[in-house]
Each structure stands twice: as C-alpha cells, then as structure tokens.
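This report describes one structure, taking the packing of its interior and then one pair of elements.

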Amino acid sequence: NPKADYPNRATVLCNIASCYNMLGNYKLAAEKALLGIQSARKTSSMTDLANGLNILARSYYQRGKFTAAISHLHEASKVRMHVQDPAMLASDYLDLADVYLMIHQTQQAVHYAKKAEAISFGNKIDLKLQAAYETLANSYRKLGDYKNAALYFKKLISLKERISTGN
C-alpha cells in the first residue's frame, strides 16, 4: 500500500487490483481498486480513474454483481471519452457487451459491441476489432439472427487472415 503522497499511488493500486483479479481474488481486487479510484479522484488522474473503474467492474461481474459492474463500466467509458483513449474505450464497450451477454440482454450486447467495432475500425485497432467481430457474431447467433452471425464470423475470419498474412 503506497503512501498517500506517492505520485503514482493510483496506478500502483490499480495494477495490484488487476493482479488480484487475474488470481481470482475478486474481493481483494475490489478493495485495491477502490483505493486506486479514491487516489485517482484525489489527484484528478482521469486515466487511473477509468482503469480503476474498469478493474472494479471486472471484480464485480466475476462475483455476479452485474448491476454494479455495468454502472462502473459506464462511468469508466465516460472518463475514457473525456481523455480520448479510443483503445481503452473500445475495451470498456467490449466489457459492457460481455456483461450484457452474461445477463442475457443480447440486444444491449450488440449495441456496445457495435460501438467498440466503430471505434476500433476507425482507429485501426485490430485486436479490439477482432474482439468486436467475435462478440457480434456470437451475439447475433444467440439472437437467432444467423445472417448477421455469419456476416460477422466472415469478417472475423477475414481479419484474422489479414493479420496473419501481415505478420
């Protein structure tokens, strides 16, 4: 726990929280994320604030607290728009899509995956675009819209081929 006057306190706490999420200790991840968010608010570090909110949301949805996760992801996305971080904004939207899929609100999942697709395509962020295509294909499949599911699976395959050819 870095001291209150440590200049990168919010970053360190959020990184620790992220590590706890990866280890499956979601309660401790939430505790550290909340400390990171508090520190980010205190120092007006918008990037750390958005990261902390996203990390906190992950710890909540892993524990089935979907309403809280959605709320924090919405707040994170608003902050990311403010700091103009398109890659991480696309991540927030993809996380929202994933949570909505978990709670069977597939139309909402499509809505946020399409937002992530537009940002990723416009900013040439291939990994996020790949994730958006995959989420959209699976969402449409769950909706029984096989025409759009096939369209996005084809886009996904084409993008993967283009990426591997480029590599």
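The sections below cover the basis of the model, its nonpolar core, a helix pair and one buried residue.

## Basis

This is a predicted model, in which local features need pLDDT of at least 70, side-chain atom pairs count only at pLDDT 80 or more, and totals for chains, interfaces and linings use all residues. Residues are numbered from 1 along each chain as its sequence is written, and side-chain values use heavy atoms, leaving out hydrogens and water.

## Nonpolar core

The largest nonpolar core (buried Ala, Val, Leu, Ile, Met, Phe, Trp, Tyr and Cys residues joined through side-chain atoms within 4.5 Å) has 45 residues, and Tyr 93 and Leu 96 have the most contacts inside it. Helix 5 gives the most to this core, nine residues; helices here are DSSP runs of H or I, at least four residues, numbered from the N terminus.

Not counting residues up to four places away in sequence, Leu 96 touches Ile 70, Leu 73, His 74 and Tyr 112. Contact means heavy atoms within 4.5 Å.

## Helix 3 and helix 5

The axes of these helices (lines fitted to C-alpha atoms over the stretch in contact, with angles from 0 to 180 degrees between N-to-C directions) come within 11 Å and cross at roughly 15°. Helix 3 and helix 5 are therefore roughly parallel, a term for angles under 35 degrees.

Asn 51, Asn 54, Arg 58 and Tyr 61 in helix 3 meet Met 88, Asp 92, Asp 95, Val 99 and Met 102 in helix 5.

## Asp 95

Asp 95 lies in helix 5 and is buried, with a relative accessible area of 10%; buried means under 20% (1.4 Å probe, protein chains only). Apart from neighbours within four places in sequence, Asp 95 contacts Asn 54, Arg 58, Tyr 61 and Leu 73.

How values were computed
Buried means under 20% relative accessible area, exposed over 50%, partly exposed in between (1.4 Å probe, protein chains only). Helices (H or I, at least four residues) and strands (E, at least two) are DSSP runs, numbered from the N terminus. Angles under 35 degrees count as roughly parallel, over 145 as roughly antiparallel, 65 to 115 as roughly perpendicular and the rest as oblique.
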